[in-house]
Amino acid sequence: QVHLVESGGGLVQAGGSLRLSCAASGRFFMINDMGWHRQAPGKQRELVASISSGGSTNYADSVKGRFTISRDNVKNTVYLQMSSLKPEDTAVYSCNALVIVSPVVEYPYWGQGTQVTVSS
């Protein structure tokens, strides 16, 4: 069993910063891609950013230049540094990871989500 536990959400004023963390624990061989998604009320979940095991990154256009995704492969943790936050960034942020649980099995896991609220 693999668990993803997020932390770092909260309430911040527009223009402020927050750093989200997501740590993976359990029994597995390694983790491939990791990422962050978000879902605002009444909207579909969207990809915010992703990072490969080798460090290649991908960002949604709406967060480019403001958010930075990184990971620590030793700690099995992915981070999302969010700066210049806007009210439209308000959402529940969830991390996900593609985990190699055996030599031939890769499975996606999701965290429980953490609320980010940006006030104007």
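**A buried disulfide and its surroundings**

Cys95 is buried, with a relative accessible area of 0%. The model in which this residue sits is a predicted one, and Cys95 makes a good place to start reading it. Its partner is Cys22: the two form a disulfide, with their sulfur atoms 1.9 Å apart. A disulfide is a covalent bond between the sulfur atoms of two cysteines. The count of disulfides here comes to one. Turning about the S-S bond by 40 degrees, the link of Cys22 and Cys95 is right-handed. Cys22 belongs to strand β3 (residues 18-26) and Cys95 to strand β9, so the bond ties together parts that are 73 residues apart in sequence. Cys22 has a relative accessibility of just 1%, so this residue counts as buried too, the cut-off being under 20%.

Next comes Thr114, which is found in strand β11 (residues 114-119). With a relative accessibility of 13%, Thr114 falls under the 20% cut-off and therefore counts as buried. Leaving aside residues up to four places away in sequence, Thr114 touches Glu6, Gly9, Leu20, Ala91, Val92 and Tyr93. One of these, Gly9, also has its backbone nitrogen 3.4 Å from a polar atom of the Thr114 side chain.

Two arginines are worth a look for where they sit relative to aromatic rings. The charged end of Arg19 is placed over the ring of Tyr79, 4.1 Å from the ring's centre. Arg45, for its part, lies over the face of Trp110, and here the distance to the ring centre is 4.0 Å. As for rings paired with each other, the count comes to one aromatic pair. Such a pair of aromatic rings is described by the distance of the centres and the angle of the planes.

Finally, the backbone has a couple of spots to check out in the loops. Asn76 lies in the loop between β7 (67-72) and β8 (77-82). Its phi is near 55 degrees, which is a positive value in a residue other than glycine. Asn76 has a relative accessible area of 22%, so it is partly exposed, a class that runs from 20% to 50%. Ser84 is located in the loop between β8 and β9 (91-102). The phi of Ser84 is near 50 degrees, again positive in a residue that is not glycine. Ser84 is partly exposed as well, with a relative accessible area of 42%.

How values were computed. Residues are numbered from 1 along each chain as its sequence is written. This is a predicted model: local features need pLDDT of at least 70, side-chain atom pairs count only at pLDDT 80 or more; totals for chains, interfaces and linings use all residues. Side-chain values use heavy atoms; hydrogens and water are left out. Rings of Phe, Tyr and Trp (its six-membered ring) pair if their centres lie within 6.5 Å; planes under 30 degrees apart count as stacked, over 60 as edge-to-face and the rest as tilted. A charge sits over a ring if NZ of Lys or CZ of Arg is within 6 Å of the ring centre and within 35 degrees of the ring normal. Helices (H or I, at least four residues) and strands (E, at least two) are DSSP runs, numbered from the N terminus. Buried means under 20% relative accessible area, exposed over 50%, partly exposed in between (1.4 Å probe, protein chains only). A disulfide is a pair of cysteine sulfur atoms within 2.5 Å. A polar contact is a pair of N or O atoms within 3.5 Å; within protein, one must be able to donate a hydrogen and the other to accept it, and residues adjacent in sequence count only if both atoms are side-chain atoms. Contact means heavy atoms within 4.5 Å.
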